[in-house]
Amino acid sequence: MKQQQLTNEAIKLLKKLIETPSFSSEENDTAVHIEYWFKKNQIPYKRNNNNVWATNKYFDESKPTMLLNSHHDTVKPNKGYTKDPFKAIEEEGKLYGLGSNDAGGCLVSLLATFAYFYTQENLQYNLVIVASAEEESSGKNGLNSMLSVIPKIDVAIVGEPTQMNLAIAEKGLVVFDAIVKGIPSHAAHPNENNAIYNVIKTLEWFKQYRFEKNSPVLGDVKMTVTQINAGKQHNAIPAEVCLVIDVRVNDKYSNQEIVEILQREAPCDQIIPRGVNLNSSSIPVSHELVQKGIQLGRKPYGSPTLSDQAVLSCPSLKLGPGDSTRSHSADEFIYLNEIEEGITIYIALLSGVILQSHTKKNEVKGVLINNNRG
């Protein structure tokens, strides 16, 4: 199929996905649309829960394997929407709708790219594509559940809106539940051990604390108190104050190291992580995917936001059309030309890496010429 036809079909699929609610763990209907896309393109596929996946036609177990992945679940629309979040609306070159930017545009662009290479022989990498579920909720039936199902992955491209620049590293995440205690009492009596007052110095500690190790790509570890809860009635001093702390971890620490530091140093009576499995992720700048991307004029950077990269143990690159600042926003949208550009750059990037050497130069040159014309 020609690239322009693939682009047109990708946009049609994206419109169907927008108009089909697919909150995390409720993606059955969008999975059906994706299954139909595979059938229409005569590509054999498999489905596990709401994850739909396939391999290239000439898959060879002796070769390394590259994962192409993006998700089809969404968050729930916020109250700021002025347009119907479940209606695909085209206006002035924009396609509005929930999930258009995060990450429907990335997903359909990767599907188009996979279709472009599906029947090509003698690739230097196998290709596996996974349209995954439960990314927004980090659910148990998302990409993490697929890693024991699909072939072993050597490198991955994770589709998230990066303006087609190269997110070569991504911060990890640890969420903590903490407790600061005091002595409960009646509000009318003196109390020198008021849990609410005790938490003031704790909040100040979290505000001022700095982790020692800075990353050239991801910067500092960022720690933020995001929730606080205490008390049930006006005349009773509570026994404790509960805090939630969001920690975005750079590539200089493991999540477990962050846990050990805070449990040792934080002025809390209790601080417990909800999980430590969402570690930071990265790919070496020297990796051929990154180097080809740089040759195509794409800029490497470190991403502060979390994606399905966090569940991968192999080198992974986050790359996709759209802009991360539009994600989870009211009246979410993606530019239609961003999808066309995304498919063009994905194809050029993969052509420079997975095609046999004698075809690489012509393929990349042809895509870049077409891109310049567009």
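Mentor: A residue is called buried under 20% relative accessible area, exposed over 50%, and partly exposed in between. Keep in mind that this model is predicted.

Trainee: Why is I200 called exposed?
Mentor: Its relative accessibility is 52%. The cut-off for exposed is over 50%, so I200 counts as exposed. I200 lies in helix 4, residues 195-208.

Trainee: What makes I196, Y197 and I200 a patch?
Mentor: They form a nonpolar patch on the surface, and together they have about 330 Å² of accessible area. A patch takes residues with over 30% relative accessible area, and nonpolar side chains are joined within 5 Å. I200, at 52%, is over that first limit.

Trainee: Where does helix 4 pack?
Mentor: Take the sheet before the helix. Its four strands run in the order 11-13-9-14, the pairing is antiparallel, and the sheet is open.

Trainee: What makes strand 11 and strand 14 edge strands?
Mentor: Each has a single partner strand, so one side of each has no neighbour in the sheet. Strand 14 covers residues 270-273. Neighbouring strands of this sheet are turned by 25 degrees against each other on average, direction ignored.

Trainee: How do you know that strand 9 and strand 14 pair?
Mentor: Pairing needs at least two bridges. Strand 9 and strand 14 have four, in the antiparallel sense. One of the bridges sets I179 against Q270 in strand 14. Now back to your helix: helix 4 packs on this sheet and touches strand 9, strand 11, strand 13 and strand 14. Its direction makes about 10 degrees with that of strand 13. Helix 5, residues 255-265, also packs on the sheet and touches strand 9, strand 11, strand 13 and strand 14. Helix 5 makes about 20 degrees with the direction of strand 9.

Trainee: What makes strand 13 mostly covered?
Mentor: Strand 13 spans residues 240-249, and seven of its ten residues are buried. Buried here means under 20% relative accessible area.

Trainee: How do you know that strand 13 pairs with strand 9?
Mentor: Count bridges again. Strand 9, residues 172-181, and strand 13 share ten in the antiparallel sense. The threshold is at least two, so the two strands count as paired. V180 has V241 of strand 13 as its bridge partner.

Trainee: And how do you know that strand 11 pairs with strand 13?
Mentor: By seven bridges, again antiparallel, with strand 11 at residues 222-229. Q227 is bridged to V244 in strand 13.

Trainee: Now the three-stranded sheet. Why is one side of strand 4 and of strand 18 left without a neighbour?
Mentor: The sheet is open, antiparallel, and ordered 4-5-18. Strand 4 (89-91) and strand 18 (333-335) stand at its edges with a single partner strand each, so one side of each stays without a neighbour in the sheet. The twist from one strand to the next averages 25 degrees.

Trainee: How do you know that strand 5 and strand 18 pair?
Mentor: Strand 5, residues 94-96, has three antiparallel bridges to strand 18. At least two are needed, so they pair. K94 stands opposite Y335 of strand 18. Helix 3, residues 100-117, packs on the sheet and touches strand 5 and strand 18, at about 45 degrees to the direction of strand 18. Helix 7, residues 336-354, packs on the sheet too, touching strand 4, strand 5 and strand 18, at about 60 degrees to strand 18.

Trainee: Why is G93 called partly exposed?
Mentor: G93 has 39% relative accessibility. That falls between 20% and 50%, so "partly exposed" applies. G93 is in the loop between strand 4 and strand 5. Setting aside neighbours within four places in sequence, it contacts I334, Y335 and L336.

Trainee: What makes the peptide bond between D102 and A103 cis?
Mentor: Its omega is about 0 degrees. A103 is in helix 3. Most peptide bonds are trans.

Trainee: What is the phi of Q42 and of M164?
Mentor: Q42 has a positive phi of about 55 degrees, and M164 one of about 60 degrees. Neither Q42 nor M164 is a glycine. Most residues other than glycine have a negative phi.

Trainee: Is M164 buried or exposed?
Mentor: Buried: its relative accessibility is 0%, and the cut-off is under 20%. M164 sits in the loop between strand 7 (155-158) and strand 8 (166-170).

Trainee: Is Q42 buried or exposed?
Mentor: Exposed. Its relative accessible area is 68%, and the cut-off is over 50%. Q42 lies in the loop between helix 2 (28-40) and strand 1 (46-48).

Notes:
Residues are numbered from 1 along each chain as its sequence is written. This is a predicted model: local features need pLDDT of at least 70, side-chain atom pairs count only at pLDDT 80 or more; totals for chains, interfaces and linings use all residues. Side-chain values use heavy atoms; hydrogens and water are left out. Patches are made of residues with over 30% relative accessible area and no salt bridge: like charges are joined within 9 Å, nonpolar side chains (Val, Leu, Ile, Met, Phe, Trp, Tyr) within 5 Å. Accessible areas come from the Shrake-Rupley method with a 1.4 Å probe; for residues, only the protein chains shown count as cover. A salt bridge is a side-chain nitrogen of Lys or Arg within 4 Å of a carboxyl oxygen of Asp or Glu. Buried means under 20% relative accessible area, exposed over 50%, partly exposed in between (1.4 Å probe, protein chains only). Axes are lines fitted to C-alpha atoms, for helices over the stretch in contact, and angles run from 0 to 180 degrees between N-to-C directions. Contact means heavy atoms within 4.5 Å.
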